[in-house]
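The exercises that follow are meant to be worked through with the sequence and the 3D structure open side by side. Please try each task before reading its solution.

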Amino acid sequence: MLKKALFLLRKGFPVTRFPPGFVLALMLSFICLAGIFSYSLAHATLAVPSDLQVVDSPNDGGGSLTVVWAPSPSDSSEAQYQVLLGEAGALDSNALKVVAEFPANTRYVKDAKGAWWTRAAEPTWHQYVIRNGKGVELKDGSVYSVTVAMRRGEERAVGPLRQATPQANWMNWNQLNNLMLALGFGALVFYTISHAKRNNIFLRRIPGLDAVDEAIGRSTELGKPILYLTGAHDMSDPSTIAAAVILGRVAKRTAAYETELMVPHRDPITMAVCQEITKQAYLEAGKPDLFKEDANFFITSDQFSYTAAVDGIMLRKKPAANFFMGSYFAESLLLTETGASTGAIQIAGTDSDHQLPFFVTTCDYTLIGEELYAASAYLSKEPVQIGTLRGQDIGKAVILSVIMIGTLLATVGVATESSWPQLLLDLFKDLK
């Protein structure tokens with residue numbers, strides 16, 4: 001301000017025609033006026049929070065209230081907003097308790113975690129959600145008085161009292177986009193299953209599947225048994241189901257070649273299911289008389305006791321081929337190292353990504369991740385499995401496309417400081 005006054009004096013007035021005292025007095029007047037103006041701005045009368053609204057927080061399980069109010073000309077980092085809460089019988093703000101205090105230029109609707117289709121007010125309005133915790137206890141069905149005050153130093157402007165009741169909501173409309181996406185992917189899978197029942201869908205051949213026949217043939221030539229493991233989980237796990245389907249294919253081949261098959265289990269239910277699958281495989285191979293009930297046998301549910309027992313079987317029986325299908329944990333390396341020491345061909349398939357490095361290192365062939373499910377669909381030729389696999393592949397392609405488009409839109413939004421890309425990005429967010 002002082003520099004601007006000096007500039008005006010030098011450029012706009014003939015300073016040399018006035019006495020020095022007059023010029024000094026004029027400069028001091030400018031300085032005083034600037035100080036008075038700055039002081040008046042800093043100490044302007046606080047505005048009472050306007051358009052104050054208090055409602056039950058939507059899209060939640062209850063126990064919270066949402067407060068929204070219009071922005072004020074007094075909003076700045078020097079002023080603070082206070083949110084006050086009390087029982088329904090409170091008549092003025094003195095009977096309310098301060099439950100939150102924050103700078104007046106924060107807490108906007110646009111900063112809240114929520115979709116644009118569930119916003120309670122304009123994006124530039126202020127919003128605060130009163131939740132249970134830190135001395136606050138809201139009971140569903142009870143009426144509460146709420147207001148907002150602006151404070152700066154000793155000065156305080158209190159808004160009008162509003163009453164609201166917290167309640168649990170039936171629907172979380174923030175998740176509406178996820179519901180629509182889930183229904184869309186579900187419809188896609190049903191369509192691909194229907195398509196697979198009417199048409200032949202190409203499935204890429206997996207090298208590990210070619211090795212199955214090689215491993216069974218080698219066991220037959222050497223006259224040694226085949227060891228097949230279905231993993232650590234029960235039949236409720238998709239990887240165990242896939243392992244059981246592949247077992248049916250292996251059992252059918254062993255029946256055709258009259259090779260001994262051993263399937264030790266950790267779960268009795270899995271053992272019963274695999275017994276039926278093996279029996280059906282021998283029946284389809286035309287050799288039901290070769291089926292043995294004790295080919296599938298239960299050892300123990302304990303992780304390392306089971307591992308020690310299987311390692312003992314490997315060292316005593318010395319199977320020529322070991323199959324490790326399903327989900328595994330810390331026992332994976334103990335099993336595969338022992339099998340490798342006996343010189344057996346080892347084929348593994350698992351969706352346990354934390355165990356894949358051990359299988360890749362110690363096994364001859366490894367079905368990585370979803371290749372286990374692809375192998376199950378490829379071997380069974382079931383339209384349901386093939387169609388599901390096809391639908392998942394299309395879904396993954398859609399997700400990758402959305403990620404690429406979303407990255408581009410987010411970059412455009414930041415570069416141009418526009419808000420419209422966020423409207424599209426919210427459609428694919430997991431909003432709580």
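Each exercise below gives a task and then a solution in steps, and the structure in question is a predicted model.

**Exercise 1. A salt bridge between two helices**

Task: Find where Asp213 and Arg249 lie, and work out why their salt bridge ties together parts that are apart in sequence.

Solution. Begin with the contact itself: the closest N and O atoms of Asp213 and Arg249 are 3.7 Å apart, and a salt bridge requires such a pair to lie within 4 Å. Next, place the partners: because Asp213 belongs to helix H4 (residues 207-222) and Arg249 to helix H5 (residues 238-257), the pair links parts that are 36 residues apart in sequence. Then turn to the accessibility of each partner, where Asp213 is partly exposed at 26% and Arg249 is likewise partly exposed at 21%. Finally, look for shared partners, which shows that salt bridges join Asp213, Arg249 and Arg253 into one network. As a wider setting for this contact, the search of the whole structure finds nine salt bridges.

**Exercise 2. Two further salt bridges**

Task: For the salt bridge of Lys287 with Glu258 and for that of Arg266 with Glu331, locate the partners and decide whether each residue is buried, partly exposed or exposed.

Solution. Take Lys287 and Glu258 to start with, whose side chains meet at 3.2 Å, N to O. Lys287 sits in the loop between H6 and E11, while Glu258 sits in the loop between H5 and strand E10 (261-265), so this salt bridge ties together parts that are 29 residues apart in sequence. Lys287 has a relative accessible area of 21% and is therefore partly exposed, whereas Glu258, at 55%, counts as exposed.

Now go on to Arg266 and Glu331, where the closest N and O atoms are 3.7 Å apart. Arg266 is in the loop between E10 and H6, and Glu331 is in helix H8 (residues 331-341), so the parts tied together here are 65 residues apart in sequence. To judge burial, recall that a residue counts as buried when its relative accessible area is under 20%. Arg266, at 14%, is therefore buried, and Glu331, at 2%, is buried as well.

**Exercise 3. Aromatic rings**

Task: Determine how the rings of Tyr328 and Phe359 are arranged and which parts of the chain this pair ties together.

Solution. The count of aromatic pairs comes to nine. For Tyr328 and Phe359, the ring centres are 5.4 Å apart and the planes stand at 75 degrees, so the pair is edge-to-face; the cut-off needed for this step is an angle over 60 degrees. Tyr328 lies in the loop between strand E12 (321-325) and H8, and Phe359 lies in helix H9 (residues 356-362), so the pair connects parts that are 31 residues apart in sequence. As for accessibility, Tyr328 is buried at 2%, and Phe359 is buried at 1%. Elsewhere in the model, one aromatic cluster is formed by Trp69, Tyr81, Phe102 and Tyr128.

**Exercise 4. Positive phi outside glycine**

Task: Arg107 and Glu417 each have a positive phi although neither is a glycine; describe where each of them is found and how accessible it is.

Solution. For Arg107, phi is about 60 degrees, and the residue is in the loop between strand E4 (97-103) and strand E5 (126-131). With a relative accessible area of 43%, Arg107 is partly exposed. For Glu417, phi is about 55 degrees, and this residue is in the loop between helix H11 (383-416) and helix H12 (420-425). Glu417 has a relative accessibility of 75% and therefore counts as exposed.

**Exercise 5. A charged patch and a buried glycine**

Task: Which residues form a negative surface patch, and is Gly339 buried or exposed?

Solution. The negative patch is made up of Glu260, Glu276, Glu293 and Asp294. One of these residues, Asp294, is located in the loop between helix H6 (268-284) and strand E11 (296-298), and Asp294 is exposed, with a relative accessible area of 56%. Turning to Gly339, this residue lies in helix H8 and is buried, at 0% relative accessibility. As a last step, compare sequence with space: Gly339 and Thr362 are 23 residues apart in sequence, and their C-alpha atoms are 8.7 Å apart.

How values were computed
Residues numbered from 1 in each chain as written. Predicted model: local features only at pLDDT ≥ 70, side-chain atom pairs only at ≥ 80, totals over all residues. Heavy atoms only, no water. Patch = residues over 30% accessible without salt bridge, like charges linked within 9 Å, V, L, I, M, F, W, Y side chains within 5 Å. Areas by Shrake-Rupley, 256 points an atom, 1.4 Å probe, with all protein chains shown as cover. Lys, Arg positive; Asp, Glu negative; His and termini not counted. Charge placed at Lys NZ, Arg CZ, Asp CG, Glu CD. Helix = DSSP H or I, 4+ residues; strand = E, 2+ residues; numbered from the N terminus. Buried < 20%, exposed > 50% of the residue type's maximum accessible area, 1.4 Å probe, protein only. Phe/Tyr/Trp six-rings, centres within 6.5 Å; stacked < 30°, edge-to-face > 60°.
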